[in-house]
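Thanks, everyone. I'll walk through one model today, and I'll keep it quick. Please have the viewer open.

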Amino acid sequence: MRRWRREVEQPGAEPRGGDSAERRPEERRGAMAQRLFPLPRQQSLYPPSVRNPFVHKGRLSARDKARTVLLGLILLPFRAICIALILLLAWLFAAIVTFCHPGRGSVPLMGWKRRVTQCALQCLGRVMFFLMGFQVEVKGKVAGPLEAPILVAAPHSSFFDGIVCIIAGLPSFVSRLENLSAPVFGTILRSLQPVLVSRLDPDSRRNTINEITKRATSGGQWPQVLIFPEGTCTNRSCLITFKQGAFIPGVPVQPVLLRYPNKLDTVTWTWQGYSFKELCVMTFCQLLTRVEVEFLPVHVPTEEEKKDPTLFANRVRSTMAMALNVPVTDHTFEDCRLMISAGQLTLPMEAGLVEFTKISKKLNLKWDPIRDQLDTFAAIANTSKGGRIGMEEFAEYLKLPVSDVLKELFLLFDRNGDGTIDFREYVIGLSVLCNPANTEETIQMAFKLFDVDDDGSITEEEFACILRSSLGVPDLDVSQLFKEIDTDNSGKIAYNEFKDFAFKHPEYAKLFTTYLELQRCQLQTLDEEDYQTPEDTYSQSKTSVSEKTPITRNKVGPESNEEDISSTSDKKDD
């Protein structure tokens, strides 16, 4: 009791005396809400500095549109013809080089074949980008295959990033196996000896890592490997999580930076923005498109980094982010998948962004549970604007009225205190607050509380009586919620039905423990006031409390199970 009293007391609180003893229950409940809300928040779960790196909402002004149309009348057909001719020439050289060469690049090109590939195709590539209007500025020096077997380029924001391959001397890269069957492009691609990935192969990821490692440790027999470790395109506002493929071999890597310092951005290709065709047309209609390629010093991994590819990747990413002067976030390709799913559920696409790498690692969550939670979130938030859950939607989903207890639970979910719950906060809330509280012990305690006559089942009258008293709503209609729990329509809720519903809706478990916490604090506050009043006031206060809160003392009241309640109240730092 004394330990709990010390936890309730707050610095700067009013002295306990006659005034505090006369405070009304509503004021006490408000004080409890203020006490519980400012829970510690781990900085590692704070929202990212860049909310959505996968959107590019570029808009052309009237002047830009007019200029693009006028230049396009001349430049577009000219450049299209030139690109077609260069691709045919490149195909011819590639066909000669790959003639009678083993398929799928199991053996590296040697001798004159490699020299022809590097000289002819690199020359044609430079001419093609020049005719397309690209003005390239190269900073730094490209390291050799022995010094840096792997090149990592970022930020990856466009299909035009392939210009790095031309500047770096045609290193090999990772490509889908299906691309080899494309006319013209497939032959050119085969001459570059890519690391092939098959979507039909269940061991594709492991085989790809093994192939990259084999080439990186070949001592120069294979060309360098160029990898875009972000794995998807962004808007260059940050560097997202680097995949570990380039860092698992544990060999030196050379970071390569890409910048497009143009007033009009016609190259950024993201999940939300211009399409591939639109960007090609707009870029070909520009007189010049500037691009900067910077080769940073080679990063030689330490022994610690060789053993930990994640550490290796993060340190290289930090070096590149510092040179680019941009932040880093923990978004991944899985966030893009969630964005697409959110759009299919009629939510704003950015609603699906949760920083999947960070959330899955810290909360031990996999893709499928998070995807299922998105469906539930969409069902709640579809009635609101902006893809967020407000207090009204939260209450409607739980089929309960807005009360102090429900507000308390909502505040626990609302991590930034803006009055709404986004999908990221919803996932964190379920994992940190609700799921730990949704234990068998908590469910049994709740069932005993509702089962007033202790007959092993809960009637609708018992269910309504407890909820009305706990939420302070005398005319609360619980028939809809009762029917949802009573799956066999027997008019009574058995323990198995109660448990199944609780496991499917963990929000109710936290709502229950929050209610017990508030009641416990309220009773403790009353006890403290009782110690400082005359004997007759003390007796009257006890009688008043027992009359006002008869239900909370029923079998599982806050006073009778202090240790059990504290163990299920989930007050741990999140």
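I'll go from the overall picture to the sheet, then the backbone oddities, then the helices.

First, a caution. This is a predicted model. Keep that in mind throughout.

Overall picture. The protein chain has 24 helices and 9 strands. It runs to 574 residues, and 51% of them are buried. Now the contacts. Take those between residues at least 6 apart in sequence: 74% of them join residues at least 24 apart.

Next, the sheet. Seven strands make an open sheet, and the pairing is mixed. Read across, the order is S1-S7-S6-S2-S5-S3-S4. Which strands sit at the edges? They are S1, residues 134–139, and S4, residues 195–197. Each of those two pairs on one side only. From one strand to the next, the twist averages 25 degrees.

As a reminder, strands of a sheet pair through backbone hydrogen bonds, in parallel or antiparallel fashion.

Let's look at S6, residues 253–259. Buried or exposed, for the most part? Mostly covered: 6 of its 7 residues are buried. On one side, S6 is joined to S2 by 5 bridges, and that pair runs parallel. To find the register, pick leucine 151; its bridge partner in S6 is glutamine 254. S6 is also joined to S7, residues 289–295, by 4 bridges. That pair runs antiparallel. Here, select leucine 258; its partner in S7 is valine 293.

Now go to the S4 edge. S3, residues 172–176, is joined to S4 by 3 bridges, and the two run parallel. Valine 174 has valine 195 in S4 as its bridge partner.

On to the backbone. For context, most residues other than glycine have a negative phi, and most peptide bonds are trans. I have three exceptions to show you.

Number one is a cis peptide bond. It joins alanine 154 and proline 155, with omega at about -5 degrees. Proline 155 is in the loop between S2, residues 150–154, and H6, residues 163–167.

Number two is glutamine 193. Its phi is positive, about 55 degrees, although it is not a glycine. Glutamine 193 is in the loop between H7, residues 185–191, and S4.

Number three is threonine 346. Again, phi is positive, at about 65 degrees, and the residue is not a glycine. Threonine 346 lies in the loop between H12 and H13, which spans 356–363.

So how do glutamine 193 and threonine 346 stand on burial? Glutamine 193 has a relative accessible area of 5%, so it counts as buried. The cut-off for that is under 20%. Threonine 346 is at 62% relative accessibility, so it counts as exposed. The cut-off there is over 50%.

Last part: helix packing. Start with H12, residues 333–344, and H14, residues 367–381. Their axes come within 11 Å and cross at roughly 25 degrees. That angle is under 35 degrees, so H12 and H14 are roughly parallel to each other. The crossing is right-handed. Who makes the contact? From H12, we have Glu334, Arg337, Leu338, Ser341 and Ala342. From H14, we have Trp367, Ile370, Arg371 and Leu374. By class, the H12–H14 contact has 5 nonpolar, 1 polar and 3 charged residues.

Now turn to the other partner, H17, residues 423–437. H14 and H17 pack at an angle of about 120 degrees, with axes 10 Å apart. H14 and H17 are therefore oblique to each other. This crossing is right-handed. H14 brings Ile370, Gln373, Leu374, Thr376, Phe377 and Ile380 to the contact. H17 brings Phe423, Tyr426, Val427 and Leu430. What is the class split for H14 with H17? It comes out as 8 nonpolar, 2 polar and no charged residues.

Look back at the two lists. Ile370 and Leu374 of H14 appear in the contact with H12, and Ile370 and Leu374 also appear in the contact with H17.

One more helix, H16, residues 404–413. H16 is mostly covered, with 7 of its 10 residues buried. Those buried residues are Val405, Leu406, Glu408, Leu409, Phe410, Leu412 and Phe413. Note the glutamate in that list: Glu408 is buried in H16.

That's my tour. Over to you.

How values were computed:
Residues are numbered from 1 along each chain as its sequence is written. This is a predicted model: local features need pLDDT of at least 70, side-chain atom pairs count only at pLDDT 80 or more; totals for chains, interfaces and linings use all residues. Side-chain values use heavy atoms; hydrogens and water are left out. Axes are lines fitted to C-alpha atoms, for helices over the stretch in contact, and angles run from 0 to 180 degrees between N-to-C directions. Angles under 35 degrees count as roughly parallel, over 145 as roughly antiparallel, 65 to 115 as roughly perpendicular and the rest as oblique. A crossing is left-handed if the near helix is turned anticlockwise from the far one by less than a right angle, and right-handed if clockwise. Contact means heavy atoms within 4.5 Å. Ala, Val, Leu, Ile, Met, Phe, Trp, Tyr, Cys and Pro count as nonpolar, Asp, Glu, Lys and Arg as charged, and the others, Gly among them, as polar. Two strands pair if DSSP finds at least two bridges between them. Buried means under 20% relative accessible area, exposed over 50%, partly exposed in between (1.4 Å probe, protein chains only).
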